[in-house]
Amino acid sequence: MKAVVWEGVNRVKVERVPDPEILQPTDAIVRVTATAICGSDLHLLDGYVPSMVHGDILGHEFMGEVVDVGSAVTKIKVGDRVIVPFPISCGKCWYCQRGQTSLCDNSNPNAKLAETMWGYAPAGIYGYSHITGGYAGGQAQFARTVYADDNLYRVPDGLSDDQVLFLTDVLPTGYMAAENCNIEQGDVVAVFGCGPVGQFAIRSAFLLGAGRVIAIDRFPERLALARGAGAETINYEEEEVFDRLKAMTGGRGPDSVMDAVGMEAHGTGVGGVADAVKQTTRVLESERPHALRSAIMACRKGGTVSVPGVYGGLGDKIPLGAFMNKGLTLRTGQTHVHRYLDVLTRHIERGEIDPTVIITHRLSLDEAPHAYKIFKHKHEHCIKCVLDP
Ligand code: NAD
Ligand code: ZN
(Lines give C-alpha, C1' and ligand atoms only; values in the text may rest on other atoms or scores of the structure.)
(Ligands and ions follow the chains in the order given, each with its own letter.)
Protein backbone atom coordinates (compact mmCIF):
# COMPACT_ATOMS: atom_id res chain seq x y z
CA MET A 1 0.00 0.00 0.00
CA LYS A 2 0.98 3.66 -0.19
CA ALA A 3 1.70 5.65 2.96
CA VAL A 4 3.05 9.05 3.98
CA VAL A 5 6.28 8.61 5.93
CA TRP A 6 8.50 10.88 8.02
CA GLU A 7 11.95 11.28 6.55
CA GLY A 8 13.46 13.86 8.91
CA VAL A 9 12.90 17.52 9.75
CA ASN A 10 10.72 19.12 7.07
CA ARG A 11 10.82 15.96 4.96
CA VAL A 12 7.90 13.66 4.25
CA LYS A 13 7.63 11.18 1.42
CA VAL A 14 5.02 8.84 -0.07
CA GLU A 15 6.29 5.27 -0.09
CA ARG A 16 5.13 1.75 -0.85
CA VAL A 17 5.06 -0.22 2.43
CA PRO A 18 3.65 -3.62 3.43
CA ASP A 19 -0.09 -3.73 4.16
CA PRO A 20 -0.88 -3.77 7.88
CA GLU A 21 -1.99 -7.02 9.51
CA ILE A 22 -3.97 -8.03 12.57
CA LEU A 23 -1.42 -8.55 15.36
CA GLN A 24 -3.71 -8.79 18.39
CA PRO A 25 -7.18 -10.36 18.68
CA THR A 26 -8.57 -6.90 19.57
CA ASP A 27 -7.26 -5.26 16.35
CA ALA A 28 -9.15 -4.15 13.27
CA ILE A 29 -7.87 -3.11 9.85
CA VAL A 30 -9.40 0.01 8.34
CA ARG A 31 -9.34 0.89 4.64
CA VAL A 32 -8.78 4.63 4.90
CA THR A 33 -11.24 6.75 2.90
CA ALA A 34 -10.17 10.16 4.22
CA THR A 35 -7.33 11.49 6.33
CA ALA A 36 -6.10 14.94 7.28
CA ILE A 37 -2.95 16.75 8.33
CA CYS A 38 -3.07 18.27 11.81
CA GLY A 39 -1.21 21.14 13.47
CA SER A 40 0.24 18.46 15.72
CA ASP A 41 1.82 16.79 12.67
CA LEU A 42 3.74 20.02 12.16
CA HIS A 43 5.50 19.44 15.50
CA LEU A 44 6.78 16.15 14.03
CA LEU A 45 7.72 17.89 10.81
CA ASP A 46 9.58 20.52 12.80
CA GLY A 47 11.44 17.88 14.80
CA TYR A 48 10.05 18.91 18.21
CA VAL A 49 8.88 15.42 19.17
CA PRO A 50 11.69 13.05 20.08
CA SER A 51 11.82 9.43 18.96
CA MET A 52 10.61 9.73 15.37
CA VAL A 53 12.34 7.23 13.11
CA HIS A 54 12.84 7.55 9.35
CA GLY A 55 10.07 5.65 7.60
CA ASP A 56 7.45 6.08 10.37
CA ILE A 57 3.95 6.33 8.89
CA LEU A 58 2.31 9.64 9.79
CA GLY A 59 -1.30 10.58 10.50
CA HIS A 60 -3.71 10.49 13.42
CA GLU A 61 -6.83 11.95 11.80
CA PHE A 62 -8.35 9.21 9.67
CA MET A 63 -11.52 7.27 8.97
CA GLY A 64 -12.69 4.53 6.70
CA GLU A 65 -14.24 1.13 6.29
CA VAL A 66 -13.43 -1.84 8.50
CA VAL A 67 -12.07 -4.65 6.29
CA ASP A 68 -10.82 -7.15 8.88
CA VAL A 69 -11.26 -7.73 12.60
CA GLY A 70 -9.41 -9.85 15.17
CA SER A 71 -11.02 -12.85 16.88
CA ALA A 72 -11.83 -10.91 20.10
CA VAL A 73 -13.59 -7.99 18.37
CA THR A 74 -17.31 -8.36 18.96
CA LYS A 75 -18.97 -4.95 18.51
CA ILE A 76 -17.18 -3.65 15.41
CA LYS A 77 -17.93 -5.56 12.19
CA VAL A 78 -16.36 -5.81 8.76
CA GLY A 79 -18.08 -3.21 6.59
CA ASP A 80 -18.63 -0.68 9.41
CA ARG A 81 -17.87 2.93 8.49
CA VAL A 82 -15.85 4.37 11.35
CA ILE A 83 -13.78 7.28 12.55
CA VAL A 84 -10.68 6.53 14.62
CA PRO A 85 -10.04 8.78 17.67
CA PHE A 86 -6.40 9.87 17.76
CA PRO A 87 -5.64 8.89 21.38
CA ILE A 88 -5.87 5.16 21.97
CA SER A 89 -8.03 3.95 24.85
CA CYS A 90 -7.78 0.47 26.36
CA GLY A 91 -11.29 0.97 27.74
CA LYS A 92 -10.41 -0.61 31.08
CA CYS A 93 -7.79 1.34 33.05
CA TRP A 94 -8.50 3.87 35.82
CA TYR A 95 -8.43 6.80 33.36
CA CYS A 96 -10.45 5.18 30.57
CA GLN A 97 -13.12 4.19 33.10
CA ARG A 98 -13.41 7.90 33.96
CA GLY A 99 -13.61 9.03 30.35
CA GLN A 100 -10.09 10.50 30.41
CA THR A 101 -9.08 8.42 27.45
CA SER A 102 -6.12 10.54 26.38
CA LEU A 103 -4.49 9.60 29.69
CA CYS A 104 -4.91 5.83 29.15
CA ASP A 105 -2.43 3.76 31.14
CA ASN A 106 -2.32 0.70 28.90
CA SER A 107 -2.26 1.81 25.27
CA ASN A 108 1.39 2.80 25.02
CA PRO A 109 3.68 -0.21 24.60
CA ASN A 110 6.68 2.11 24.97
CA ALA A 111 5.54 3.52 28.32
CA LYS A 112 8.81 2.56 30.02
CA LEU A 113 10.82 4.50 27.42
CA ALA A 114 8.59 7.53 27.90
CA GLU A 115 8.88 7.34 31.69
CA THR A 116 12.64 7.21 31.46
CA MET A 117 12.70 10.35 29.33
CA TRP A 118 9.87 12.39 30.80
CA GLY A 119 8.86 10.85 34.11
CA TYR A 120 5.41 10.01 32.77
CA ALA A 121 3.98 8.09 29.87
CA PRO A 122 1.46 9.54 27.42
CA ALA A 123 -1.29 7.36 25.97
CA GLY A 124 -0.75 5.66 22.64
CA ILE A 125 -1.36 7.94 19.64
CA TYR A 126 -1.44 6.87 15.99
CA GLY A 127 1.41 8.13 13.82
CA TYR A 128 2.99 10.15 16.58
CA SER A 129 6.50 8.90 17.39
CA HIS A 130 7.75 5.96 19.39
CA ILE A 131 7.34 7.72 22.69
CA THR A 132 3.57 7.54 22.15
CA GLY A 133 3.67 3.87 21.26
CA GLY A 134 5.20 3.68 17.78
CA TYR A 135 1.84 3.03 16.10
CA ALA A 136 1.76 3.39 12.32
CA GLY A 137 -0.48 6.31 11.33
CA GLY A 138 -3.46 6.67 9.06
CA GLN A 139 -2.08 8.81 6.23
CA ALA A 140 -2.08 5.60 4.26
CA GLN A 141 -4.39 3.36 2.28
CA PHE A 142 -4.88 1.00 5.22
CA ALA A 143 -4.26 1.22 8.96
CA ARG A 144 -4.08 -1.25 11.81
CA THR A 145 -6.22 -0.01 14.69
CA VAL A 146 -6.08 -1.44 18.20
CA TYR A 147 -8.65 -2.08 20.95
CA ALA A 148 -11.15 -1.78 18.13
CA ASP A 149 -14.30 -2.24 20.21
CA ASP A 150 -13.30 0.57 22.58
CA ASN A 151 -12.08 3.03 19.95
CA LEU A 152 -13.65 2.76 16.53
CA TYR A 153 -16.77 4.89 16.33
CA ARG A 154 -19.49 4.03 13.84
CA VAL A 155 -20.73 7.11 12.00
CA PRO A 156 -24.24 7.68 10.64
CA ASP A 157 -24.60 6.89 6.92
CA GLY A 158 -26.31 10.22 6.32
CA LEU A 159 -23.14 12.15 7.12
CA SER A 160 -20.32 12.52 4.57
CA ASP A 161 -16.65 11.81 5.30
CA ASP A 162 -15.99 15.57 5.33
CA GLN A 163 -18.64 16.04 7.99
CA VAL A 164 -17.27 13.41 10.38
CA LEU A 165 -13.52 13.19 9.69
CA PHE A 166 -12.65 15.90 12.21
CA LEU A 167 -14.40 13.99 15.00
CA THR A 168 -11.07 12.12 15.16
CA ASP A 169 -9.34 15.13 16.68
CA VAL A 170 -9.66 18.84 15.93
CA LEU A 171 -13.41 19.16 16.48
CA PRO A 172 -13.44 17.54 19.94
CA THR A 173 -10.18 19.33 20.69
CA GLY A 174 -11.77 22.73 20.08
CA TYR A 175 -14.82 21.59 22.04
CA MET A 176 -12.90 20.31 25.05
CA ALA A 177 -10.82 23.50 25.06
CA ALA A 178 -14.02 25.55 25.25
CA GLU A 179 -15.50 23.24 27.88
CA ASN A 180 -12.30 23.69 29.90
CA CYS A 181 -13.02 27.45 29.98
CA ASN A 182 -15.93 26.92 32.41
CA ILE A 183 -17.95 29.33 30.29
CA GLU A 184 -20.84 31.08 32.01
CA GLN A 185 -23.71 32.52 29.98
CA GLY A 186 -22.56 35.73 28.28
CA ASP A 187 -18.84 35.34 29.02
CA VAL A 188 -16.21 36.99 26.86
CA VAL A 189 -13.82 34.35 25.55
CA ALA A 190 -10.59 35.04 23.65
CA VAL A 191 -9.00 32.47 21.35
CA PHE A 192 -5.35 32.78 20.30
CA GLY A 193 -4.87 30.93 17.00
CA CYS A 194 -7.46 30.55 14.22
CA GLY A 195 -6.24 27.28 12.74
CA PRO A 196 -8.56 24.26 12.67
CA VAL A 197 -8.44 23.88 16.47
CA GLY A 198 -9.08 27.58 17.05
CA GLN A 199 -11.98 27.59 14.56
CA PHE A 200 -13.73 24.78 16.42
CA ALA A 201 -12.88 26.35 19.78
CA ILE A 202 -14.63 29.55 18.64
CA ARG A 203 -17.74 27.70 17.46
CA SER A 204 -17.82 25.54 20.59
CA ALA A 205 -17.49 28.57 22.88
CA PHE A 206 -20.65 30.02 21.33
CA LEU A 207 -22.44 26.66 21.64
CA LEU A 208 -21.48 26.56 25.33
CA GLY A 209 -22.89 30.01 26.03
CA ALA A 210 -20.21 32.62 25.35
CA GLY A 211 -21.66 36.06 24.68
CA ARG A 212 -18.63 37.27 22.74
CA VAL A 213 -15.61 35.51 21.26
CA ILE A 214 -12.51 37.45 20.29
CA ALA A 215 -10.20 35.59 17.91
CA ILE A 216 -6.53 36.41 17.32
CA ASP A 217 -4.27 35.40 14.42
CA ARG A 218 -2.18 36.99 11.67
CA PHE A 219 -3.67 35.38 8.54
CA PRO A 220 -6.58 37.37 7.05
CA GLU A 221 -8.36 34.28 5.67
CA ARG A 222 -8.31 32.59 9.07
CA LEU A 223 -9.57 35.75 10.76
CA ALA A 224 -12.32 36.01 8.13
CA LEU A 225 -13.44 32.43 8.85
CA ALA A 226 -13.54 33.30 12.55
CA ARG A 227 -15.70 36.35 11.81
CA GLY A 228 -17.98 34.05 9.80
CA ALA A 229 -18.70 32.22 13.06
CA GLY A 230 -19.55 35.47 14.83
CA ALA A 231 -16.18 36.24 16.43
CA GLU A 232 -14.61 39.68 16.67
CA THR A 233 -11.01 39.55 15.49
CA ILE A 234 -7.58 41.02 16.17
CA ASN A 235 -4.63 40.72 13.77
CA TYR A 236 -1.67 40.52 16.15
CA GLU A 237 0.71 41.81 13.51
CA GLU A 238 -1.29 44.99 13.17
CA GLU A 239 -2.50 45.69 16.69
CA GLU A 240 -1.24 45.38 20.25
CA VAL A 241 -3.30 42.39 21.41
CA PHE A 242 -3.05 43.00 25.15
CA ASP A 243 -4.23 46.63 24.85
CA ARG A 244 -6.98 45.75 22.39
CA LEU A 245 -8.34 42.95 24.58
CA LYS A 246 -8.40 45.26 27.60
CA ALA A 247 -10.12 47.98 25.60
CA MET A 248 -12.71 45.53 24.26
CA THR A 249 -13.58 44.28 27.76
CA GLY A 250 -13.91 47.54 29.68
CA GLY A 251 -10.37 47.23 31.04
CA ARG A 252 -10.92 43.88 32.75
CA GLY A 253 -9.74 41.31 30.22
CA PRO A 254 -11.60 38.28 28.83
CA ASP A 255 -13.18 35.82 31.30
CA SER A 256 -11.30 32.98 29.72
CA VAL A 257 -8.58 32.69 27.13
CA MET A 258 -7.59 29.72 24.97
CA ASP A 259 -4.16 29.06 23.50
CA ALA A 260 -4.92 27.18 20.26
CA VAL A 261 -1.40 27.79 18.98
CA GLY A 262 1.09 25.64 20.88
CA MET A 263 4.57 25.36 19.45
CA GLU A 264 4.99 26.99 16.08
CA ALA A 265 8.19 26.75 14.07
CA HIS A 266 9.88 29.96 13.11
CA GLY A 267 12.46 28.65 10.73
CA THR A 268 12.93 26.00 8.13
CA GLY A 269 15.11 23.75 10.28
CA VAL A 270 18.02 21.72 9.06
CA GLY A 271 17.39 18.49 10.95
CA GLY A 272 18.81 16.55 13.86
CA VAL A 273 18.36 16.77 17.59
CA ALA A 274 20.57 19.85 18.00
CA ASP A 275 18.46 21.71 15.48
CA ALA A 276 15.26 20.63 17.21
CA VAL A 277 16.68 22.03 20.48
CA LYS A 278 17.55 25.30 18.76
CA GLN A 279 14.15 25.47 17.09
CA THR A 280 12.32 24.87 20.38
CA THR A 281 14.36 27.55 22.11
CA ARG A 282 13.66 29.95 19.26
CA VAL A 283 9.93 29.43 19.60
CA LEU A 284 10.04 30.05 23.32
CA GLU A 285 12.26 33.12 23.02
CA SER A 286 11.00 34.29 19.67
CA GLU A 287 10.56 37.82 18.51
CA ARG A 288 6.87 37.05 18.00
CA PRO A 289 4.52 37.25 20.97
CA HIS A 290 4.32 33.85 22.60
CA ALA A 291 0.68 32.78 22.60
CA LEU A 292 0.55 31.13 26.01
CA ARG A 293 2.35 34.02 27.65
CA SER A 294 -0.02 36.46 25.94
CA ALA A 295 -3.04 34.38 27.01
CA ILE A 296 -2.00 34.41 30.66
CA MET A 297 -1.28 38.13 30.61
CA ALA A 298 -4.55 39.03 28.86
CA CYS A 299 -6.93 36.92 30.96
CA ARG A 300 -8.91 38.78 33.62
CA LYS A 301 -8.08 38.14 37.26
CA GLY A 302 -9.71 34.95 38.48
CA GLY A 303 -10.23 33.80 34.90
CA THR A 304 -9.42 30.53 33.18
CA VAL A 305 -6.69 29.79 30.67
CA SER A 306 -7.36 26.75 28.51
CA VAL A 307 -4.53 25.26 26.48
CA PRO A 308 -5.34 22.84 23.67
CA GLY A 309 -2.07 23.92 21.99
CA VAL A 310 0.61 21.26 22.24
CA TYR A 311 3.79 21.89 24.21
CA GLY A 312 6.70 19.62 24.78
CA GLY A 313 10.38 19.55 24.02
CA LEU A 314 12.92 21.19 26.21
CA GLY A 315 11.68 24.13 28.15
CA ASP A 316 8.66 26.24 28.99
CA LYS A 317 8.86 29.94 29.65
CA ILE A 318 5.54 30.33 31.43
CA PRO A 319 5.06 33.54 33.46
CA LEU A 320 4.35 31.66 36.67
CA GLY A 321 4.37 34.82 38.76
CA ALA A 322 1.46 36.36 36.89
CA PHE A 323 -0.26 33.03 36.89
CA MET A 324 -0.05 32.65 40.63
CA ASN A 325 -0.77 36.23 41.63
CA LYS A 326 -3.76 36.47 39.33
CA GLY A 327 -5.26 33.32 40.81
CA LEU A 328 -5.77 31.80 37.38
CA THR A 329 -6.98 28.35 36.57
CA LEU A 330 -5.10 26.51 33.85
CA ARG A 331 -6.80 23.60 32.14
CA THR A 332 -5.19 21.63 29.39
CA GLY A 333 -4.46 18.18 28.00
CA GLN A 334 -4.61 15.96 25.00
CA THR A 335 -8.27 15.61 24.09
CA HIS A 336 -10.44 12.84 25.56
CA VAL A 337 -11.94 12.42 22.07
CA HIS A 338 -14.18 9.45 22.87
CA ARG A 339 -16.12 11.41 25.47
CA TYR A 340 -17.38 13.99 22.97
CA LEU A 341 -18.29 11.82 19.97
CA ASP A 342 -22.00 11.37 20.68
CA VAL A 343 -22.66 15.00 21.57
CA LEU A 344 -20.69 16.36 18.60
CA THR A 345 -22.24 13.93 16.13
CA ARG A 346 -25.66 15.24 17.26
CA HIS A 347 -24.49 18.85 16.78
CA ILE A 348 -23.34 17.98 13.24
CA GLU A 349 -26.60 16.18 12.43
CA ARG A 350 -28.64 19.14 13.63
CA GLY A 351 -26.50 21.54 11.59
CA GLU A 352 -25.35 23.39 14.71
CA ILE A 353 -21.73 22.94 13.77
CA ASP A 354 -20.42 22.50 10.24
CA PRO A 355 -16.98 20.86 10.35
CA THR A 356 -16.49 21.22 6.58
CA VAL A 357 -15.93 25.00 6.75
CA ILE A 358 -12.24 24.56 7.53
CA ILE A 359 -11.45 22.43 4.44
CA THR A 360 -9.53 24.48 1.88
CA HIS A 361 -7.61 21.72 0.08
CA ARG A 362 -8.37 18.20 -1.12
CA LEU A 363 -5.34 16.38 -2.44
CA SER A 364 -4.30 12.84 -3.24
CA LEU A 365 -1.99 10.91 -0.92
CA ASP A 366 0.75 11.34 -3.53
CA GLU A 367 0.52 15.09 -3.04
CA ALA A 368 1.16 14.84 0.73
CA PRO A 369 4.61 16.49 0.61
CA HIS A 370 3.05 19.53 -1.05
CA ALA A 371 0.13 19.43 1.39
CA TYR A 372 2.48 19.47 4.39
CA LYS A 373 4.34 22.42 2.92
CA ILE A 374 1.32 24.63 2.26
CA PHE A 375 -0.31 23.71 5.59
CA LYS A 376 2.86 24.50 7.52
CA HIS A 377 3.54 27.83 5.80
CA LYS A 378 -0.15 28.71 5.37
CA HIS A 379 0.47 29.15 1.64
CA GLU A 380 -2.40 29.15 -0.87
CA HIS A 381 -4.65 30.34 2.02
CA CYS A 382 -4.50 26.79 3.34
CA ILE A 383 -6.45 26.10 6.52
CA LYS A 384 -6.97 22.31 6.37
CA CYS A 385 -5.87 19.66 3.86
CA VAL A 386 -7.86 16.48 3.43
CA LEU A 387 -5.98 13.66 1.67
CA ASP A 388 -7.75 11.03 -0.40
CA PRO A 389 -5.90 7.74 -0.21
P1 NAD B 1 -2.36 25.55 12.88
O2 NAD B 1 -0.89 25.62 12.75
O3 NAD B 1 -3.15 25.44 11.62
O4 NAD B 1 -2.91 26.83 13.66
C5 NAD B 1 -2.17 27.60 14.55
C6 NAD B 1 -2.55 29.05 14.34
O7 NAD B 1 -1.96 29.86 15.37
C8 NAD B 1 -2.07 29.62 13.01
O9 NAD B 1 -3.17 30.12 12.28
C10 NAD B 1 -1.07 30.71 13.42
O11 NAD B 1 -1.07 31.82 12.52
C12 NAD B 1 -1.61 31.11 14.79
N13 NAD B 1 -0.64 31.77 15.67
C14 NAD B 1 0.71 31.58 15.78
N15 NAD B 1 1.23 32.36 16.74
C16 NAD B 1 0.20 33.08 17.27
C17 NAD B 1 0.10 34.06 18.30
N18 NAD B 1 1.17 34.45 18.99
N19 NAD B 1 -1.12 34.59 18.56
C20 NAD B 1 -2.22 34.19 17.87
N21 NAD B 1 -2.19 33.25 16.88
C22 NAD B 1 -0.98 32.71 16.59
O23 NAD B 1 -2.66 24.32 13.88
P24 NAD B 1 -4.00 23.63 14.45
O25 NAD B 1 -4.25 22.39 13.70
O26 NAD B 1 -5.11 24.61 14.58
O27 NAD B 1 -3.46 23.22 15.90
C28 NAD B 1 -3.21 24.20 16.88
C29 NAD B 1 -2.52 23.58 18.10
O30 NAD B 1 -3.38 22.62 18.71
C31 NAD B 1 -1.23 22.83 17.76
O32 NAD B 1 -0.27 23.05 18.77
C33 NAD B 1 -1.66 21.38 17.80
O34 NAD B 1 -0.59 20.51 18.09
C35 NAD B 1 -2.66 21.44 18.93
N36 NAD B 1 -3.56 20.28 19.02
C37 NAD B 1 -3.81 19.79 20.25
C38 NAD B 1 -4.64 18.71 20.44
C39 NAD B 1 -4.95 18.21 21.81
O40 NAD B 1 -5.40 17.07 21.96
N41 NAD B 1 -4.79 19.02 22.85
C42 NAD B 1 -5.22 18.11 19.32
C43 NAD B 1 -4.99 18.66 18.05
C44 NAD B 1 -4.14 19.74 17.91
ZN1 ZN C 1 -4.38 16.18 15.40
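Two strands count as paired if DSSP finds at least two bridges between them. Strand 8 (residues 188-192) and strand 11 (residues 256-259) are joined by 4 bridges and run parallel. The model is predicted. It divides into domain 1 (2-168 + 335-388) and domain 2 (170-332). Ligand 1 is surrounded by 33 residues, with at least three drawn from each domain.

**Domains and their contact**

- The centres of domain 1 and domain 2, taken over C-alpha atoms, are 24 Å apart.
- Domain 1 puts 29 residues into the contact, and domain 2 puts in 30 residues.
- On the side of domain 1 that touches domain 2, helix 1 and helix 13 (337-349) each supply at least two residues.
- That side of domain 1 holds 15 nonpolar, 10 polar and 4 charged residues.

**The shell around ligand 1**

- Gly-39, Gly-193, Gly-195, Gly-262 and Val-310 are the closest residues to ligand 1.
- Four elements give two or more residues to the shell: helix 1 (39-45), helix 6 (170-179), helix 7 (196-207) and strand 9 (212-217).
- Helix 1 provides the largest share, with 4 residues.
- By class, the shell has 16 nonpolar, 11 polar and 6 charged residues.
- Both domain 1 and domain 2 contribute at least three residues to this shell.

**Helix 1 and Leu-42**

- Helix 1 serves two sites: it gives residues to the ligand 1 shell, and it supplies at least two residues of the side of domain 1 that touches domain 2.
- Leu-42 is a residue of helix 1.
- Leu-42 has 21 C-beta neighbours inside 10 Å, so it counts as buried; the cut-off for buried is 20 or more.
- Leu-42 and Gly-119 are separated by 77 residues in sequence and by 24 Å in space, C-alpha to C-alpha.

**The open sheet**

- An open sheet is formed by 6 strands in the order 10-9-8-11-12-13, with parallel pairing.
- Strand 10 (232-235) and strand 13 (329-332) are the edge strands, each pairing on one side only.
- Neighbouring strands of the sheet are turned by 20° against each other on average, direction ignored.
- Strands of a sheet pair through backbone hydrogen bonds, either parallel or antiparallel.

**Strand 8 and its partners**

- Strand 8 sits between strand 9 and strand 11 in the sheet order.
- With strand 9, strand 8 shares 5 bridges, and the two run parallel.
- Val-189 has Val-213 of strand 9 as its bridge partner.
- On the strand 11 side, Val-191 stands opposite Met-258.
- In a regular strand the side chains alternate between the two faces of the sheet.
- In strand 8, Val-188, Ala-190 and Phe-192 point one way, while Val-189 and Val-191 point the other way.
- Burial covers 5 of the 5 residues of strand 8, so the strand is largely enclosed by the rest of the structure.

**Helix 11**

- Helix 11 (residues 291-298) has 6 of its 8 residues buried, so it is largely enclosed by the rest of the structure.
- The buried residues of helix 11 are Ala-291, Leu-292, Ser-294, Ala-295, Ile-296 and Ala-298.
- An α-helix has 3.6 residues a turn, so residues three or four places apart point the same way.

Terms used
Residues are numbered from 1 along each chain as its sequence is written. Chains are lettered from A and ligands numbered from 1 in the order in which they are written. This is a predicted model: local features need pLDDT of at least 70, side-chain atom pairs count only at pLDDT 80 or more; totals for chains, interfaces and linings use all residues. A residue is near a molecule or strand if its C-beta atom, placed from the backbone, lies within 6 Å of it. Ala, Val, Leu, Ile, Met, Phe, Trp, Tyr, Cys and Pro count as nonpolar, Asp, Glu, Lys and Arg as charged, and the others, Gly among them, as polar. Domain bounds come from an automatic or database domain assignment. A residue is buried if 20 or more other C-beta atoms lie within 10 Å of its own, exposed if 12 or fewer, and partly exposed in between; C-beta atoms are placed from the backbone. Two residues are in contact if their C-beta atoms, placed from the backbone, lie within 7 Å. Axes are lines fitted to C-alpha atoms, for helices over the stretch in contact, and angles run from 0 to 180 degrees between N-to-C directions.
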